[in-house]
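The exercises below are meant to be worked through with the structure in view. Try each task before reading the solution that follows.

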Amino acid sequence: MIVQCVSEDVAVLREQLCDLWSRKELEELRLRTASGFSRFRSPLAGLLMLLDGCPGVQKSRSTTLGQFLLTEFVRWRRGQARVSVKELKDEEEKRNLQLQALELITASQPGYMDLLLEIYELKNLEKNLLLEHVAFLQNSCCFREAALLGMKLGLQEELDMEQMCVPLILMDKLPLAEAYVQDHADLQERLIRLLDSWCSPDFNLEDVRRQFPSLSLSKHQTDQIQPKLLIRHVFRLMEKFSIDPGLCVNAVYKRKLDSLRFLMYKRFGEKNMTEENWRDHVQVTVEGSVDLQVVLVELLVKHSGLKAAAQWAKHYSVPRDRLPIGVWDTMETLSSSQLEINEVCSPLDLWVTPPSHQLQFYQLPLDQQRVHTVENSEQLQLCRDSVLQAGRVVGVDMEWRAGFGTVSTQRISLIQLAVKERVFLLDLCAPGLSHHSLTVNFIRALLTDTSVLKLGYGMSGDLRSLVATWPELKEEPLEFKGVLDLLHVHQQLQRCWRGRTGPRPVEVNEGPAEKGLSLLVQQVLGKPLDKTEQLSNWERRPLRTGQVRYAAIDAYCLVDVYLTLSADPKAFGLPDDLLSIKPSPSTKSDSDKKAKEKRKQTGRRGRQSGIGRTGDQDECVRGNGERHGASITPQELRVVCDNMLQGLGRYLRCVGVDVLMLENTDDHKVAAQIARNEGRIILTSGQPFQTLRSQVAEGRCLTLDCSEKARDQAVRVLKHFNVHLTPSDIFSRCQACNNDEYLKLPREDMTQMMNKRGLIQDTVHKQDDWEAQCDAQVDCNRSRAPGGPAFTPHCRWAPRSALDAHSFRFSGGAEVQLETVPPGLLPRIPEYFICTRCGKVFWEGSHFDRALAQFQDVLNISDDDTTARKH
Ligand SMILES: [Zn+2]
């Protein structure tokens with residue numbers, strides 16, 4: 001029996017299929033679909049007719065009947081050799097089908113796209129026709145669909161990149177733009193240059209928006225177009241696409257300007273950077289840019305005085321007309337020798353340091369002759385022979401130049417290997433060593449040799465930098481074997497250390513508390529490390545004596561600490577076998593490691609963190625590192641967040657912290673004012689911290705690494721303030737508006753309200769809700785016993801009378817956001833929570849479980865911390 005492709009028959013079949021779909025009778029639907037296809041004289045035409053009238057073509061994330069039919073068609077076709085566009089004899093019929101399919105793509109949802117492209121072999125249509133369709137989508141403001149179609153048809157070279165990508169970027173869909181230019185080197189370069197041009201001071205967003213008048217953008221979307229975020233994207237993409245930084249003048253200039261300001265702050269504000277280090281970094285930063293040299297002179301006038309400004313102006317021959325007032329006159333009055341920037345010779349640049357230094361800091365117990373620089377393959381061989389011996393204990397450390405945010409992954413400049421009687425410094429800036437296969441092989445052999453014990457402190461960051469330095473390590477991944485990370489030993493030691501004086505009393509120094517490796521060295525060997533050279537320019541050659549000494553000590557102290565600990569582990573509360581110590585759960589997470597690495601790159605050494613009294617003495621969370629005493633509840637923590645940290649703000653609200661979010665990044669004065677008036681703590685990131693910290697009391701301003709994920713930032717804040725979380729804190733505050741008052745409504749009321757608003761139509765809640773319902777069922781099975789919610793957040797409850805029975809509004813004016821509640825939820829969720837300030841509706845279910853899962857480890861960590869403190 002052969003059924004003609006007559007529209008009535010198709011309509012009947014479609015109706016049957018729709019009915020089965022809505023009743024979720026998938027097996028029957030599958031059989032009926034396949035038999036339907038078989039009965040069509042032309043299945044390819046029949047499929048299009050079926051799809052054409054399929055309901056549910058609105059853009060939606062859930063699977064629709066149409067997609068189901070397409071998938072089934074592909075499955076069915078596998079057994080039918082002759083059902084393909086290629087097999088069609090009639091050219092006109094073939095072309096008509098293809099055109100129809102193309103129409104359907106432009107008229108329907110992206111979910112159809114892949115399968116239609118495949119089934120109807122649309123790539124073979126003539127290019128002009130395809131381009132026309134992409135243009136049609138663009139003109140209809142379907143920019144996302146246009147980009148997807150252009151991309152899937154491989155038309156990127158033919159299409160205008162700017163016309164395609166600008167709207168995507170404006171719509172906060174940069175990842176799609178990135179995917180669009182993938183595999184097209186020239187387009188990648190143009191995309192980055194486009195973003196870079198938006199970082200220029202002359203850039204005006206309105207000019208760009210005017211080119212796309214029909215594009216309506218939300219505030220969130222336009223907020224994304226701001227220099228800080230754009231610069232970050234430019235740098236990320238430069239690395240991803242291996243683009244020459246020389247092409248991104250605006251972003252590079254801004255980053256360097258930030259670095260320069262940061263250096264000025266370190267040197268003249270915090271005063272914790274030596275003249276030598278400061279000078280090394282400043283020179284690298286302003287090199288080759290007259291504009292930056294002018295800024296340097298201006299900043300010097302402000303922070304240091306006219307003499308220093310005149311010296312640097314002379315050094316760079318800054319044109320007279322660009323000098324700030326007074327600098328030229330100062331240059332005139334000084335003699336040429338007074339204008340010289342003299343080499344500074346600090347007492348610390350001698351091998352033997354002054355007695356005061358020796359009293360205060362751990363010293364290298366080796367002569368200068370025992371520290372060997374390795375610059376060529378002969379020296380490398382000697383090093384290899386000495387280090388690669390069974391039973392050796394080797395301290396491993398690496399140095400790279402602090403990038404101050406200019407590049408995200410730094411290449412290693414120096415690898416230090418220490419054994420009991422000597423230290424080797426592998427100079428990776430030496431041309432004979434840096435990319436020599438012997439060097440890579442040696443490091444691989446060393447790090448995987450089980451007979452040699454390698455010691456490090458927070459080694460995961462080092463591993464990442466190794467991979468950045470030698471990409472070949474990515475192809476054949478490096479597996480650390482025979483490695484002991486003293487960070488884990490230190491964590492174990494800290495647990496016993498709390499609250500006891502121990503056999504080796506700790507000398508308490510003046511000044512900031514020691515952290516990280518320095519703290520370990522102090523606890524085990526009596527004195528901390530001198531960290532003066534921590535931020536130095538490790539790409540400088542020759543290295544200064546102070547740098548060589550610092551580098552050697554950093555690796556040697558690991559050996560010294562290990563030998564002391566293993567001689568008497570019990571004295572330190574450690575097990576006999578130090579190698580049996582496992583990492584503590586809080587430092588296991590990958591994001592932690594990433595964060596640590598990031599910090600090292602920005603000049604704050606990773607090894608300094610990860611250890612401390614509150615679990616994580618974090619340098620990025622600065623301001624007030626020490627927190628003792630009882631924990632606080634999330635409700636007691638009140639903060640104001642800058643708008644770079646919106647994600648963090650939402651996370652904190654989600655667990656009940658009182659969070660005020662700033663609208664505008666630039667107005668830091670407002671943050672300080674709010675903080676003072678309302679007794680809030682400021683959470684900020686990057687540059688503003690320096691300004692803000694001075695405006696509020698000590699410890700009232702924290703800076704966070706904004707390269708970290710919001711969740712990880714939230715964990716840091718919670719740990720820093722010793723916030724004790726319980727599951728009932730989850731959702732105790734509205735994430736959208738910070739309100740902590742809800743109205744609790746039973747299902748019956750909710751159903752009634754939705755009915756009144758026409759949001760429940762018995763016939764329609766089928767396809768799109770189906771998935772939600774399946775999800776809901778899974779949720780139910782997984783987490784809660786039937787019979788009512790277990791969710792009782794710590795919050796205030798509004799009386800029923802707070803909601804107007806007719807307008808569904810609260811007294812503040814907010815209307816219940818009924819349209820956000822999928823009708824399919826009603827049968828299984830008995831209770832709803834409505835924010836009385838913004839009208840957002842919450843319910844126990846996947847939301848809640850997801851949030852609970854996300855903060856699972858914090859819930860554990862804070863419990864852990866509380867018990868640890870009780871000892
Ligand atoms: Zn709200």
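**Exercise 1. Describe the surface and the overall make-up of the chain.**

Solution. Begin with the surface: the chain exposes about 40000 Å², and carbon and sulfur atoms supply 50% of that area. Keep in mind from the outset that this is a predicted model. Turning to the interior, 52% of the 871 residues count as buried. The secondary structure comprises 37 helices and 14 strands. Finally, consider the contacts between residues at least 6 apart in sequence, of which 69% join residues at least 24 apart.

**Exercise 2. Decide where the coordinates call for caution.**

Solution. Start from the average, which is a pLDDT of 80 for the chain, with 81% of the residues scoring at least 70. Next, find the stretches of low confidence: over residues 586–629 the pLDDT is below 50, although this stretch has 144 contacts in the model beyond near neighbours in sequence. Over residues 763–789 the pLDDT likewise stays under 50, and there the model has 34 contacts beyond four places in sequence. The conclusion is a general one: where pLDDT is low, the predicted coordinates should not be read in detail.

**Exercise 3. Place strand β5 among its partners and say which way its side chains point.**

Solution. First take the pairing with strand β2 (residues 393–399), which runs parallel to β5 and is joined to it by three bridges; within this pairing, V393 has L453 of β5 as its bridge partner. Then take strand β6 (residues 483–485), which is also parallel to β5 and joined to it by three bridges, with K454 standing opposite V483. Last, look along β5 itself (residues 453–456): L453 and L455 point one way, K454 and G456 point the other way, and all of them are buried.

**Exercise 4. Work out the order and the edges of the open sheet of four strands.**

Solution. The order of the strands is β12-β11-β13-β14, and the pairing is mixed. The edges are β12 (796–797) and β14 (841–843), since each of these pairs on one side only. For a closer view of one edge, follow strand β13 (residues 831–835), which pairs with β14 in the antiparallel sense over three bridges, and note that Y832 stands opposite W843 of β14.

**Exercise 5. Characterise the aromatic pair F37 and W76, then look for other ring contacts.**

Solution. The structure holds 16 aromatic pairs. In the pair of F37 and W76, the centres are 5.4 Å apart and the planes make 50 degrees, an arrangement that counts as tilted. The pair links distant parts of the chain, because F37 belongs to helix α2 (residues 26–39) and W76 to helix α4 (residues 65–77), 39 residues apart. Both F37 and W76 are buried. Elsewhere, F731, Y742, W797, F833 and F842 form one aromatic cluster. Rings also meet charges: the charged end of R255 sits over the ring of F235 at 4.2 Å from its centre, while R267 lies over the face of F268, 5.8 Å from the ring centre.

**Exercise 6. Explain why helix α33 is described as largely enclosed.**

Solution. Count the buried residues of α33 (residues 710–720): 11 of the 11 are buried, so the helix is largely enclosed by the rest of the structure. The buried residues include the charged-type names R711, D712, R716 and K719, as well as A710, V715 and L718. Just after the helix, N722 takes a positive phi of about 55 degrees.

Methods. Residues numbered from 1 in each chain as written. Heavy atoms only, no water. Buried < 20%, exposed > 50% of the residue type's maximum accessible area, 1.4 Å probe, protein only. Helix = DSSP H or I, 4+ residues; strand = E, 2+ residues; numbered from the N terminus. Pairing = 2+ DSSP bridges. Contact = heavy atoms within 4.5 Å. Areas by Shrake-Rupley, 256 points an atom, 1.4 Å probe, with all protein chains shown as cover. pLDDT = per-residue confidence, 0-100. Phe/Tyr/Trp six-rings, centres within 6.5 Å; stacked < 30°, edge-to-face > 60°. Lys NZ or Arg CZ within 6 Å of the ring centre and 35° of its normal.
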